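Me: Hi! Could you walk me through this one? I'll ask as we go.

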Amino acid sequence: MSYLDYTRYELLRTFRNRRFVVFAFGFPLVLYFAIAAPNRHETDLGNTGISAPLYFMVGLVAFGTMNAVLSAGARIAAERSVGWNRQLRLTPLSARAYFRTKVLTAYATAFVTIVLLYAAGIALGVRLSSGEWVRMTVLILVGLVPFAALGVLMGHLLTSDSVGPALGGTTALLAFLGGVWFPISDHGAMHAIAQSLPSFWLVQAAHVGTGGSGWGGLGWLVMAVWTAAATVLARRAYRRDTGRV
Amino acid sequence: MTDASIDLQGLTKSFRGPHGVVRAVREVDLTVGPGETVALLGPNGAGKSTTIDMLLGLLEPDEGRATLFGKPPREAVAAGRTGVMLQTGSLIRDLSVRELLDMVASLYPVPLPVAEALVLTGIEEIADRRTQKLSGGETQRVRFAMALVTNPDLLVLDEPTVAMDVEGRRAFWTTMRELASRGKTVLFATHYLEEADAYADRVVLMAHGNVVADGAPTEIKAMVGARRIRATLPGPAVGDLAQLEGVTRAERHGETVVLACADSDRAIRALLARYPAARDIEIAGAALEEAFLELTGAEDAKEAA
(Lines give C-alpha, C1' and ligand atoms only; values in the text may rest on other atoms or scores of the structure.)
Protein backbone atom coordinates (compact mmCIF):
# COMPACT_ATOMS: atom_id res chain seq x y z
CA MET A 1 0.00 0.00 0.00
CA SER A 2 1.58 3.22 -1.11
CA TYR A 3 -1.12 5.62 0.10
CA LEU A 4 -0.79 7.36 -3.26
CA ASP A 5 -4.52 7.13 -3.91
CA TYR A 6 -5.27 8.38 -0.44
CA THR A 7 -3.03 11.42 -0.93
CA ARG A 8 -4.44 12.06 -4.38
CA TYR A 9 -7.99 12.14 -3.03
CA GLU A 10 -6.99 14.41 -0.16
CA LEU A 11 -5.57 16.89 -2.66
CA LEU A 12 -8.60 16.56 -4.90
CA ARG A 13 -10.97 17.23 -2.00
CA THR A 14 -9.02 20.25 -0.86
CA PHE A 15 -8.94 21.95 -4.25
CA ARG A 16 -12.56 21.08 -4.95
CA ASN A 17 -13.78 22.96 -1.92
CA ARG A 18 -14.81 26.18 -3.60
CA ARG A 19 -15.07 28.27 -0.44
CA PHE A 20 -11.65 27.18 0.67
CA VAL A 21 -10.15 27.98 -2.73
CA VAL A 22 -11.78 31.41 -2.87
CA PHE A 23 -10.68 32.45 0.60
CA ALA A 24 -7.28 30.77 0.83
CA PHE A 25 -6.09 31.82 -2.61
CA GLY A 26 -8.34 34.75 -3.45
CA PHE A 27 -7.97 36.69 -0.22
CA PRO A 28 -4.18 37.28 -0.30
CA LEU A 29 -4.43 38.09 -4.00
CA VAL A 30 -7.17 40.67 -3.53
CA LEU A 31 -5.34 42.14 -0.57
CA TYR A 32 -2.16 42.37 -2.61
CA PHE A 33 -3.77 44.23 -5.48
CA ALA A 34 -5.65 46.48 -3.06
CA ILE A 35 -2.45 47.54 -1.28
CA ALA A 36 0.19 47.32 -4.00
CA ALA A 37 -1.64 48.36 -7.16
CA PRO A 38 -2.27 51.99 -6.11
CA ASN A 39 1.44 52.30 -5.20
CA ARG A 40 2.78 50.34 -8.11
CA HIS A 41 5.12 53.16 -9.20
CA GLU A 42 6.55 53.73 -5.74
CA THR A 43 10.13 52.49 -6.11
CA ASP A 44 11.44 53.44 -2.69
CA LEU A 45 8.84 52.53 -0.07
CA GLY A 46 9.49 54.41 3.19
CA ASN A 47 13.15 54.97 2.29
CA THR A 48 13.80 51.23 2.28
CA GLY A 49 14.99 51.22 -1.27
CA ILE A 50 12.41 48.53 -2.00
CA SER A 51 9.58 49.03 -4.50
CA ALA A 52 6.03 48.85 -3.14
CA PRO A 53 4.94 45.91 -5.33
CA LEU A 54 7.94 43.86 -4.17
CA TYR A 55 7.64 44.84 -0.52
CA PHE A 56 3.98 43.91 -0.32
CA MET A 57 4.49 40.78 -2.40
CA VAL A 58 6.95 39.26 0.05
CA GLY A 59 4.79 40.33 3.01
CA LEU A 60 1.72 38.73 1.53
CA VAL A 61 3.58 35.61 0.49
CA ALA A 62 4.56 35.16 4.14
CA PHE A 63 1.01 35.87 5.29
CA GLY A 64 -0.75 33.89 2.57
CA THR A 65 1.36 30.76 2.92
CA MET A 66 1.11 30.83 6.70
CA ASN A 67 -2.63 31.16 6.36
CA ALA A 68 -2.86 28.35 3.82
CA VAL A 69 -0.77 25.94 5.85
CA LEU A 70 -2.49 26.67 9.16
CA SER A 71 -5.88 26.18 7.55
CA ALA A 72 -5.11 22.45 7.38
CA GLY A 73 -6.20 22.64 11.02
CA ALA A 74 -9.65 23.86 10.04
CA ARG A 75 -10.08 20.98 7.61
CA ILE A 76 -8.97 18.48 10.25
CA ALA A 77 -11.41 19.91 12.80
CA ALA A 78 -14.22 19.68 10.25
CA GLU A 79 -13.35 16.05 9.52
CA ARG A 80 -13.28 15.25 13.21
CA SER A 81 -16.67 16.83 13.72
CA VAL A 82 -18.26 14.29 11.34
CA GLY A 83 -16.41 11.42 13.00
CA TRP A 84 -14.02 10.92 10.09
CA ASN A 85 -10.99 10.79 12.33
CA ARG A 86 -12.47 7.84 14.25
CA GLN A 87 -13.34 6.15 11.00
CA LEU A 88 -9.77 6.55 9.74
CA ARG A 89 -8.45 5.00 12.95
CA LEU A 90 -10.31 1.86 11.97
CA THR A 91 -8.42 1.56 8.70
CA PRO A 92 -4.83 0.38 8.18
CA LEU A 93 -3.75 4.00 7.50
CA SER A 94 -0.78 4.65 9.80
CA ALA A 95 -0.38 7.81 11.85
CA ARG A 96 2.78 8.55 9.90
CA ALA A 97 1.01 8.33 6.55
CA TYR A 98 -1.85 10.41 7.90
CA PHE A 99 0.50 13.21 8.98
CA ARG A 100 2.46 13.03 5.78
CA THR A 101 -0.67 13.47 3.71
CA LYS A 102 -1.93 16.36 5.81
CA VAL A 103 1.41 18.17 5.58
CA LEU A 104 1.73 17.49 1.87
CA THR A 105 -1.75 18.85 1.23
CA ALA A 106 -0.99 21.93 3.31
CA TYR A 107 2.18 22.47 1.28
CA ALA A 108 0.28 22.11 -1.96
CA THR A 109 -2.04 24.94 -0.91
CA ALA A 110 0.96 27.06 0.13
CA PHE A 111 2.65 26.41 -3.18
CA VAL A 112 -0.38 27.59 -5.13
CA THR A 113 -0.47 30.72 -2.96
CA ILE A 114 3.19 31.41 -3.75
CA VAL A 115 2.74 30.96 -7.48
CA LEU A 116 -0.32 33.23 -7.58
CA LEU A 117 1.36 36.00 -5.61
CA TYR A 118 4.55 35.80 -7.63
CA ALA A 119 2.48 36.10 -10.80
CA ALA A 120 0.63 39.07 -9.34
CA GLY A 121 3.94 40.66 -8.33
CA ILE A 122 5.35 40.21 -11.81
CA ALA A 123 2.19 41.73 -13.23
CA LEU A 124 2.84 44.82 -11.10
CA GLY A 125 6.43 45.05 -12.25
CA VAL A 126 8.41 42.97 -9.74
CA ARG A 127 11.63 41.75 -11.30
CA LEU A 128 14.08 39.45 -9.49
CA SER A 129 16.94 37.28 -10.68
CA SER A 130 16.18 33.58 -10.97
CA GLY A 131 18.61 32.94 -8.11
CA GLU A 132 16.63 35.31 -5.87
CA TRP A 133 13.30 33.69 -6.75
CA VAL A 134 14.66 30.24 -6.00
CA ARG A 135 16.44 31.11 -2.75
CA MET A 136 13.40 32.97 -1.46
CA THR A 137 11.02 30.15 -2.36
CA VAL A 138 13.14 27.40 -0.86
CA LEU A 139 13.59 29.22 2.43
CA ILE A 140 9.85 30.00 2.62
CA LEU A 141 9.01 26.34 2.09
CA VAL A 142 11.40 25.38 4.89
CA GLY A 143 9.94 28.14 7.07
CA LEU A 144 6.45 26.64 6.73
CA VAL A 145 7.38 23.40 8.48
CA PRO A 146 6.53 24.59 12.03
CA PHE A 147 3.24 26.05 10.75
CA ALA A 148 2.26 22.73 9.22
CA ALA A 149 2.81 21.02 12.57
CA LEU A 150 0.91 23.82 14.36
CA GLY A 151 -2.01 23.47 11.96
CA VAL A 152 -2.31 19.73 12.56
CA LEU A 153 -1.98 20.30 16.31
CA MET A 154 -4.79 22.87 16.39
CA GLY A 155 -6.98 20.71 14.19
CA HIS A 156 -6.82 17.89 16.73
CA LEU A 157 -7.23 20.10 19.79
CA LEU A 158 -10.08 22.33 18.68
CA THR A 159 -13.64 21.69 17.61
CA SER A 160 -15.03 22.83 14.30
CA ASP A 161 -16.86 25.77 15.88
CA SER A 162 -13.82 27.07 17.78
CA VAL A 163 -11.17 26.44 15.16
CA GLY A 164 -12.21 29.41 13.02
CA PRO A 165 -11.64 32.15 15.58
CA ALA A 166 -8.66 30.32 17.06
CA LEU A 167 -6.88 30.00 13.73
CA GLY A 168 -7.89 33.47 12.61
CA GLY A 169 -6.61 34.99 15.84
CA THR A 170 -3.40 32.98 15.78
CA THR A 171 -2.69 33.92 12.19
CA ALA A 172 -3.40 37.60 12.82
CA LEU A 173 -1.26 37.69 15.96
CA LEU A 174 1.64 35.81 14.40
CA ALA A 175 1.48 38.01 11.32
CA PHE A 176 1.34 41.22 13.37
CA LEU A 177 4.12 40.30 15.79
CA GLY A 178 6.21 38.67 13.09
CA GLY A 179 6.37 41.85 11.03
CA VAL A 180 4.18 40.90 8.09
CA TRP A 181 2.41 44.25 8.01
CA PHE A 182 5.17 46.60 9.07
CA PRO A 183 8.86 46.15 9.81
CA ILE A 184 9.75 45.27 13.39
CA SER A 185 12.27 47.67 14.95
CA ASP A 186 15.71 46.09 15.25
CA HIS A 187 15.99 46.40 19.04
CA GLY A 188 13.88 46.40 22.22
CA ALA A 189 11.25 44.10 23.71
CA MET A 190 9.15 43.99 20.55
CA HIS A 191 12.14 42.78 18.61
CA ALA A 192 12.92 40.10 21.20
CA ILE A 193 9.35 38.82 21.10
CA ALA A 194 9.28 38.85 17.33
CA GLN A 195 12.52 36.90 17.08
CA SER A 196 11.08 34.07 19.14
CA LEU A 197 8.19 33.57 16.72
CA PRO A 198 8.22 31.40 13.61
CA SER A 199 6.30 34.07 11.69
CA PHE A 200 9.19 36.53 12.09
CA TRP A 201 11.54 34.06 10.43
CA LEU A 202 9.03 33.23 7.74
CA VAL A 203 8.90 36.95 6.94
CA GLN A 204 12.71 37.01 6.92
CA ALA A 205 12.66 34.11 4.50
CA ALA A 206 10.34 36.01 2.19
CA HIS A 207 12.55 39.09 2.48
CA VAL A 208 15.36 37.18 0.82
CA GLY A 209 13.54 38.55 -2.21
CA THR A 210 14.19 42.12 -1.05
CA GLY A 211 17.87 41.53 -0.48
CA GLY A 212 17.55 40.11 3.03
CA SER A 213 20.13 37.64 4.27
CA GLY A 214 17.65 34.96 5.39
CA TRP A 215 18.26 33.17 8.68
CA GLY A 216 21.32 33.13 10.92
CA GLY A 217 21.89 30.57 13.66
CA LEU A 218 19.11 32.04 15.80
CA GLY A 219 16.59 31.73 12.98
CA TRP A 220 17.31 28.06 12.40
CA LEU A 221 17.25 27.39 16.14
CA VAL A 222 13.87 29.09 16.69
CA MET A 223 12.33 27.27 13.74
CA ALA A 224 13.74 23.94 14.89
CA VAL A 225 12.39 24.40 18.42
CA TRP A 226 8.91 25.38 17.19
CA THR A 227 8.85 22.46 14.78
CA ALA A 228 9.94 19.97 17.42
CA ALA A 229 7.49 21.26 20.04
CA ALA A 230 4.53 21.43 17.68
CA THR A 231 5.29 17.99 16.25
CA VAL A 232 5.51 16.35 19.66
CA LEU A 233 2.28 18.02 20.79
CA ALA A 234 0.51 17.20 17.53
CA ARG A 235 1.43 13.53 17.83
CA ARG A 236 0.16 13.47 21.37
CA ALA A 237 -3.07 15.24 20.45
CA TYR A 238 -3.61 12.81 17.59
CA ARG A 239 -3.04 9.77 19.79
CA ARG A 240 -5.48 10.98 22.40
CA ASP A 241 -8.05 12.02 19.87
CA THR A 242 -10.01 8.78 19.54
CA GLY A 243 -13.17 9.82 21.35
CA ARG A 244 -16.48 10.94 19.92
CA VAL A 245 -16.30 14.66 19.23
CA MET B 1 -7.00 -24.32 15.95
CA THR B 2 -7.96 -20.96 14.52
CA ASP B 3 -8.06 -17.93 16.78
CA ALA B 4 -11.45 -16.57 17.72
CA SER B 5 -12.48 -13.59 15.65
CA ILE B 6 -13.34 -11.69 18.80
CA ASP B 7 -12.24 -12.48 22.32
CA LEU B 8 -13.20 -10.21 25.20
CA GLN B 9 -12.09 -11.05 28.74
CA GLY B 10 -13.32 -9.12 31.75
CA LEU B 11 -13.73 -5.93 29.76
CA THR B 12 -14.56 -3.04 32.10
CA LYS B 13 -14.92 0.69 31.54
CA SER B 14 -16.18 3.55 33.68
CA PHE B 15 -16.74 7.19 32.78
CA ARG B 16 -16.91 10.22 34.99
CA GLY B 17 -20.33 11.72 34.35
CA PRO B 18 -22.15 14.74 35.79
CA HIS B 19 -23.75 12.46 38.40
CA GLY B 20 -20.63 10.61 39.47
CA VAL B 21 -18.92 7.60 37.96
CA VAL B 22 -20.90 5.65 35.38
CA ARG B 23 -19.90 2.02 35.02
CA ALA B 24 -20.61 1.70 31.32
CA VAL B 25 -19.22 -1.81 30.81
CA ARG B 26 -18.72 -4.33 33.61
CA GLU B 27 -16.58 -7.41 33.19
CA VAL B 28 -17.84 -8.43 29.81
CA ASP B 29 -16.63 -11.80 28.51
CA LEU B 30 -17.42 -12.70 24.94
CA THR B 31 -15.92 -15.04 22.37
CA VAL B 32 -17.07 -15.00 18.78
CA GLY B 33 -15.86 -17.69 16.41
CA PRO B 34 -15.11 -17.35 12.69
CA GLY B 35 -18.23 -17.19 10.54
CA GLU B 36 -20.65 -16.42 13.34
CA THR B 37 -23.23 -13.67 13.00
CA VAL B 38 -23.78 -12.25 16.45
CA ALA B 39 -26.22 -9.57 17.54
CA LEU B 40 -25.34 -7.42 20.49
CA LEU B 41 -28.81 -6.61 21.73
CA GLY B 42 -29.68 -4.09 24.38
CA PRO B 43 -31.50 -0.85 25.09
CA ASN B 44 -29.78 2.52 24.76
CA GLY B 45 -27.16 2.95 27.45
CA ALA B 46 -26.57 -0.79 27.85
CA GLY B 47 -22.87 -0.39 27.00
CA LYS B 48 -22.97 -1.76 23.45
CA SER B 49 -21.13 1.14 21.80
CA THR B 50 -18.55 1.34 24.58
CA THR B 51 -17.91 -2.39 24.21
CA ILE B 52 -17.49 -1.96 20.46
CA ASP B 53 -15.13 1.00 20.91
CA MET B 54 -12.97 -1.14 23.19
CA LEU B 55 -12.98 -4.20 20.97
CA LEU B 56 -11.81 -2.01 18.07
CA GLY B 57 -9.08 -0.35 20.11
CA LEU B 58 -10.65 3.13 19.99
CA LEU B 59 -11.00 3.07 23.76
CA GLU B 60 -8.66 1.56 26.35
CA PRO B 61 -10.47 -0.67 28.84
CA ASP B 62 -9.98 0.10 32.54
CA GLU B 63 -9.62 -3.63 33.10
CA GLY B 64 -9.66 -6.75 30.99
CA ARG B 65 -8.53 -7.10 27.42
CA ALA B 66 -9.83 -7.43 23.90
CA THR B 67 -8.23 -9.40 21.10
CA LEU B 68 -9.20 -9.82 17.47
CA PHE B 69 -7.86 -12.92 15.70
CA GLY B 70 -5.57 -13.47 18.67
CA LYS B 71 -3.96 -10.03 18.36
CA PRO B 72 -4.45 -6.64 19.98
CA PRO B 73 -7.26 -4.78 18.16
CA ARG B 74 -4.95 -2.15 16.68
CA GLU B 75 -2.83 -4.80 14.99
CA ALA B 76 -5.86 -6.51 13.49
CA VAL B 77 -7.12 -3.13 12.29
CA ALA B 78 -3.71 -2.23 10.84
CA ALA B 79 -3.67 -5.57 9.02
CA GLY B 80 -6.96 -4.58 7.38
CA ARG B 81 -8.95 -7.48 8.81
CA THR B 82 -11.84 -5.40 10.14
CA GLY B 83 -14.56 -3.42 8.40
CA VAL B 84 -16.49 -1.09 10.64
CA MET B 85 -19.61 1.01 10.57
CA LEU B 86 -19.78 3.11 13.72
CA GLN B 87 -23.03 4.37 15.14
CA THR B 88 -22.21 8.04 14.76
CA GLY B 89 -20.37 9.77 12.00
CA SER B 90 -20.89 11.14 8.58
CA LEU B 91 -18.85 11.43 5.40
CA ILE B 92 -16.12 13.82 4.38
CA ARG B 93 -17.24 16.24 1.69
CA ASP B 94 -16.04 17.09 -1.80
CA LEU B 95 -15.69 13.54 -3.10
CA SER B 96 -18.16 11.50 -5.08
CA VAL B 97 -19.46 8.31 -3.51
CA ARG B 98 -17.35 6.28 -5.93
CA GLU B 99 -14.22 8.29 -5.15
CA LEU B 100 -14.77 8.00 -1.41
CA LEU B 101 -15.11 4.22 -1.67
CA ASP B 102 -12.05 4.04 -3.89
CA MET B 103 -10.10 6.07 -1.34
CA VAL B 104 -11.13 3.78 1.52
CA ALA B 105 -10.47 0.67 -0.57
CA SER B 106 -6.97 1.89 -1.40
CA LEU B 107 -6.04 1.60 2.28
CA TYR B 108 -6.75 -2.16 2.42
CA PRO B 109 -4.66 -5.10 1.25
CA VAL B 110 -7.42 -7.04 -0.53
CA PRO B 111 -10.44 -4.75 -1.02
CA LEU B 112 -13.60 -5.57 -2.90
CA PRO B 113 -13.89 -3.90 -6.28
CA VAL B 114 -15.69 -0.58 -5.71
CA ALA B 115 -18.27 -1.53 -8.34
CA GLU B 116 -19.16 -4.64 -6.35
CA ALA B 117 -19.57 -2.67 -3.12
CA LEU B 118 -21.85 -0.24 -4.96
CA VAL B 119 -24.03 -3.09 -6.22
CA LEU B 120 -24.09 -4.93 -2.89
CA THR B 121 -25.39 -1.85 -1.09
CA GLY B 122 -27.67 -0.75 -3.93
CA ILE B 123 -26.12 2.67 -4.41
CA GLU B 124 -25.02 2.55 -8.07
CA GLU B 125 -27.41 5.39 -8.94
CA ILE B 126 -25.76 7.76 -6.50
CA ALA B 127 -22.18 6.66 -7.22
CA ASP B 128 -21.24 9.91 -8.91
CA ARG B 129 -23.00 12.23 -6.51
CA ARG B 130 -20.94 14.31 -4.07
CA THR B 131 -21.12 13.07 -0.51
CA GLN B 132 -22.44 16.38 0.84
CA LYS B 133 -25.53 16.09 -1.40
CA LEU B 134 -26.80 12.79 0.02
CA SER B 135 -29.86 12.27 2.19
CA GLY B 136 -29.53 10.75 5.64
CA GLY B 137 -30.59 7.30 4.42
CA GLU B 138 -28.21 7.44 1.47
CA THR B 139 -25.37 8.49 3.75
CA GLN B 140 -26.00 5.41 5.91
CA ARG B 141 -25.85 3.16 2.88
CA VAL B 142 -22.58 4.72 1.77
CA ARG B 143 -21.19 4.19 5.25
CA PHE B 144 -22.21 0.57 5.01
CA ALA B 145 -20.53 0.34 1.61
CA MET B 146 -17.37 1.79 3.19
CA ALA B 147 -17.36 -1.05 5.71
CA LEU B 148 -17.92 -3.64 2.96
CA VAL B 149 -15.40 -2.41 0.42
CA THR B 150 -12.64 -3.26 2.90
CA ASN B 151 -13.51 -6.94 2.33
CA PRO B 152 -12.91 -7.73 6.00
CA ASP B 153 -12.75 -11.01 7.89
CA LEU B 154 -14.70 -9.34 10.67
CA LEU B 155 -17.49 -6.86 10.07
CA VAL B 156 -18.53 -4.72 13.05
CA LEU B 157 -21.69 -2.64 12.76
CA ASP B 158 -22.93 -0.41 15.54
CA GLU B 159 -26.68 0.21 15.20
CA PRO B 160 -26.40 0.14 11.41
CA THR B 161 -30.06 0.59 10.55
CA VAL B 162 -30.96 3.41 12.92
CA ALA B 163 -31.02 6.19 10.33
CA MET B 164 -32.25 4.03 7.45
CA ASP B 165 -35.68 4.08 5.87
CA VAL B 166 -37.71 0.88 5.53
CA GLU B 167 -36.46 0.11 2.06
CA GLY B 168 -32.87 0.79 3.07
CA ARG B 169 -33.25 -1.54 6.01
CA ARG B 170 -34.55 -4.36 3.86
CA ALA B 171 -31.75 -3.96 1.32
CA PHE B 172 -29.28 -3.79 4.16
CA TRP B 173 -30.30 -7.10 5.69
CA THR B 174 -30.44 -8.83 2.32
CA THR B 175 -26.82 -7.82 1.81
CA MET B 176 -25.90 -8.95 5.30
CA ARG B 177 -27.29 -12.42 4.61
CA GLU B 178 -25.26 -12.59 1.44
CA LEU B 179 -22.11 -11.66 3.37
CA ALA B 180 -22.73 -14.10 6.17
CA SER B 181 -23.01 -16.82 3.54
CA ARG B 182 -19.49 -15.91 2.37
CA GLY B 183 -18.17 -16.91 5.78
CA LYS B 184 -17.54 -13.46 7.25
CA THR B 185 -17.76 -12.97 10.97
CA VAL B 186 -20.33 -10.31 11.75
CA LEU B 187 -21.02 -8.51 15.00
CA PHE B 188 -23.84 -5.99 14.98
CA ALA B 189 -25.32 -3.95 17.77
CA THR B 190 -29.02 -3.24 17.76
CA HIS B 191 -31.86 -2.36 20.08
CA TYR B 192 -34.43 -4.05 17.85
CA LEU B 193 -35.29 -7.54 19.04
CA GLU B 194 -36.76 -8.37 15.61
CA GLU B 195 -33.46 -7.60 13.86
CA ALA B 196 -31.47 -9.71 16.29
CA ASP B 197 -34.00 -12.51 16.00
CA ALA B 198 -34.19 -12.47 12.21
CA TYR B 199 -30.55 -12.04 11.25
CA ALA B 200 -28.26 -13.39 13.95
CA ASP B 201 -27.14 -16.97 14.71
CA ARG B 202 -26.58 -15.89 18.23
CA VAL B 203 -27.80 -13.06 20.41
CA VAL B 204 -25.82 -11.50 23.23
CA LEU B 205 -28.06 -9.53 25.49
CA MET B 206 -26.56 -6.54 27.27
CA ALA B 207 -28.07 -4.40 30.00
CA HIS B 208 -26.42 -1.95 32.39
CA GLY B 209 -22.98 -2.84 31.08
CA ASN B 210 -23.37 -6.58 31.70
CA VAL B 211 -23.96 -9.51 29.42
CA VAL B 212 -27.22 -10.81 30.88
CA ALA B 213 -27.88 -13.58 28.38
CA ASP B 214 -26.12 -15.24 25.48
CA GLY B 215 -27.83 -17.80 23.30
CA ALA B 216 -29.77 -18.70 20.19
CA PRO B 217 -32.28 -16.06 19.03
CA THR B 218 -35.22 -18.28 19.97
CA GLU B 219 -34.01 -18.59 23.56
CA ILE B 220 -33.47 -14.88 23.89
CA LYS B 221 -36.82 -14.15 22.32
CA ALA B 222 -38.49 -16.39 24.82
CA MET B 223 -36.75 -14.49 27.60
CA VAL B 224 -37.41 -10.94 26.55
CA GLY B 225 -40.10 -11.27 23.94
CA ALA B 226 -42.78 -12.33 26.42
CA ARG B 227 -46.13 -10.68 25.84
CA ARG B 228 -48.20 -9.03 28.45
CA ILE B 229 -51.92 -8.77 28.92
CA ARG B 230 -53.37 -5.59 30.32
CA ALA B 231 -57.02 -5.50 31.41
CA THR B 232 -59.43 -3.62 33.60
CA LEU B 233 -60.51 -6.08 36.25
CA PRO B 234 -61.39 -4.99 39.77
CA GLY B 235 -61.49 -7.71 42.37
CA PRO B 236 -59.22 -10.70 42.00
CA ALA B 237 -56.04 -10.76 44.07
CA VAL B 238 -52.68 -10.61 42.32
CA GLY B 239 -51.79 -13.98 43.79
CA ASP B 240 -54.79 -15.63 42.14
CA LEU B 241 -54.09 -14.04 38.77
CA ALA B 242 -50.50 -15.25 38.85
CA GLN B 243 -51.81 -18.82 39.18
CA LEU B 244 -53.54 -18.63 35.78
CA GLU B 245 -52.23 -20.91 33.08
CA GLY B 246 -49.54 -19.25 30.91
CA VAL B 247 -49.02 -16.33 33.34
CA THR B 248 -45.65 -15.87 34.99
CA ARG B 249 -46.32 -12.77 37.01
CA ALA B 250 -49.18 -10.40 37.80
CA GLU B 251 -49.33 -6.78 38.91
CA ARG B 252 -52.19 -4.54 39.90
CA HIS B 253 -52.39 -0.77 39.40
CA GLY B 254 -55.76 0.26 40.79
CA GLU B 255 -58.41 -1.33 38.59
CA THR B 256 -55.87 -2.35 35.96
CA VAL B 257 -54.03 -5.64 36.06
CA VAL B 258 -50.96 -6.50 34.04
CA LEU B 259 -50.08 -10.15 33.43
CA ALA B 260 -46.64 -11.09 32.15
CA CYS B 261 -47.09 -14.23 30.07
CA ALA B 262 -44.98 -17.14 28.98
CA ASP B 263 -47.84 -18.11 26.64
CA SER B 264 -50.28 -15.29 26.02
CA ASP B 265 -52.71 -17.44 23.98
CA ARG B 266 -53.36 -19.80 26.84
CA ALA B 267 -53.28 -17.00 29.37
CA ILE B 268 -56.01 -14.99 27.65
CA ARG B 269 -58.28 -18.04 27.42
CA ALA B 270 -57.71 -18.85 31.07
CA LEU B 271 -58.28 -15.25 32.10
CA LEU B 272 -61.61 -14.92 30.28
CA ALA B 273 -62.82 -18.36 31.40
CA ARG B 274 -62.16 -17.52 35.00
CA TYR B 275 -62.94 -13.77 35.03
CA PRO B 276 -65.50 -12.96 32.29
CA ALA B 277 -65.77 -9.42 33.69
CA ALA B 278 -62.30 -8.50 32.40
CA ARG B 279 -62.55 -5.67 29.85
CA ASP B 280 -60.39 -3.14 27.88
CA ILE B 281 -58.05 -6.02 27.12
CA GLU B 282 -54.75 -5.36 25.35
CA ILE B 283 -52.10 -7.90 24.45
CA ALA B 284 -48.72 -6.49 23.50
CA GLY B 285 -45.16 -7.59 23.11
CA ALA B 286 -43.16 -6.19 25.97
CA ALA B 287 -40.93 -3.30 25.01
CA LEU B 288 -37.30 -4.31 25.12
CA GLU B 289 -36.55 -1.81 27.87
CA GLU B 290 -39.25 -3.30 30.08
CA ALA B 291 -38.05 -6.81 29.44
CA PHE B 292 -34.54 -5.77 30.39
CA LEU B 293 -35.73 -4.14 33.56
CA GLU B 294 -37.33 -7.43 34.46
CA LEU B 295 -34.19 -9.39 33.70
CA THR B 296 -31.87 -7.08 35.55
CA GLY B 297 -34.19 -5.55 38.12
CA ALA B 298 -33.21 -7.85 40.95
CA GLU B 299 -29.55 -7.17 40.44
CA ASP B 300 -30.00 -3.41 40.41
CA ALA B 301 -32.07 -3.52 43.56
CA LYS B 302 -29.27 -5.42 45.23
CA GLU B 303 -26.75 -2.88 44.12
CA ALA B 304 -28.82 0.08 45.27
CA ALA B 305 -29.21 -1.44 48.72
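Reply: Happy to. One term to begin with: two residues are in contact if their C-beta atoms, placed from the backbone, lie within 7 Å. This is a predicted model, where local features need pLDDT of at least 70, side-chain atom pairs count only at pLDDT 80 or more, and totals for chains, interfaces and linings use all residues. Residues are numbered from 1 along each chain as its sequence is written, while chains are lettered from A and ligands numbered from 1 in the order in which they are written.

Me: Cool. How many residues does the contact take from chain B and from chain A?

Reply: Chain B gives 25 residues and chain A gives 20 residues. On the chain B side, helix H2 (73-78), strand E5 (82-85) and helix H3 (97-105) each supply at least two residues. The largest share, four residues, comes from H3(B). Helices (H or I, at least four residues) and strands (E, at least two) are DSSP runs, numbered from the N terminus.

Me: And how do the residues on that side of chain B divide into nonpolar, polar and charged?

Reply: The side of chain B that touches chain A has 16 nonpolar, six polar and three charged residues. Here Ala, Val, Leu, Ile, Met, Phe, Trp, Tyr, Cys and Pro count as nonpolar, Asp, Glu, Lys and Arg as charged, and the others, Gly among them, as polar.

Me: Back to H3(B): which helix does H3(B) pack with, and at what angle?

Reply: H3(B) packs with helix H5 (residues 136-149) of chain B at about 30°, with 9 Å between the axes. Axes are lines fitted to C-alpha atoms, for helices over the stretch in contact, and angles run from 0 to 180 degrees between N-to-C directions. H3(B) and H5(B) are therefore roughly parallel to each other; the cut-offs are under 35 degrees for roughly parallel, over 145 for roughly antiparallel, 65 to 115 for roughly perpendicular, and oblique for the rest.

Me: Which residues of H3(B) and H5(B) make the contact?

Reply: From H3(B) come Val97(B), Leu100(B), Leu101(B), Val104(B) and Ala105(B), and from H5(B) come Val142(B), Ala145(B), Met146(B) and Val149(B). They divide into nine nonpolar, no polar and no charged.

Me: Nice. Switching to chain A: why is H4(A) largely enclosed?

Reply: Helix H4 (residues 72-81) of chain A is largely enclosed by the rest of the structure because eight of its ten residues are buried. A residue is buried if 20 or more other C-beta atoms lie within 10 Å of its own, exposed if 12 or fewer, and partly exposed in between, with C-beta atoms placed from the backbone. Among the buried ones are Arg75(A), Glu79(A) and Arg80(A). The cover includes H1, helix H3 (52-70) and helix H6 (95-123) of chain A. Just after H4(A), Gly83(A) takes a positive phi of about 80°.

Me: Since you mention H1, is Phe15(A) buried or partly exposed?

Reply: Phe15(A), in helix H1 (residues 4-16) of chain A, is partly exposed because it has 17 C-beta neighbours inside 10 Å. Phe15(A) is 90 residues from Thr105(A) in sequence and 9.5 Å from it in space, C-alpha to C-alpha.

Me: Last one: what does chain B look like overall?

Reply: Chain B has eleven helices and 13 strands, and its C-alpha atoms fill a box of roughly 70 × 45 × 45 Å along the principal axes. Of its 305 residues, 45% count as buried.
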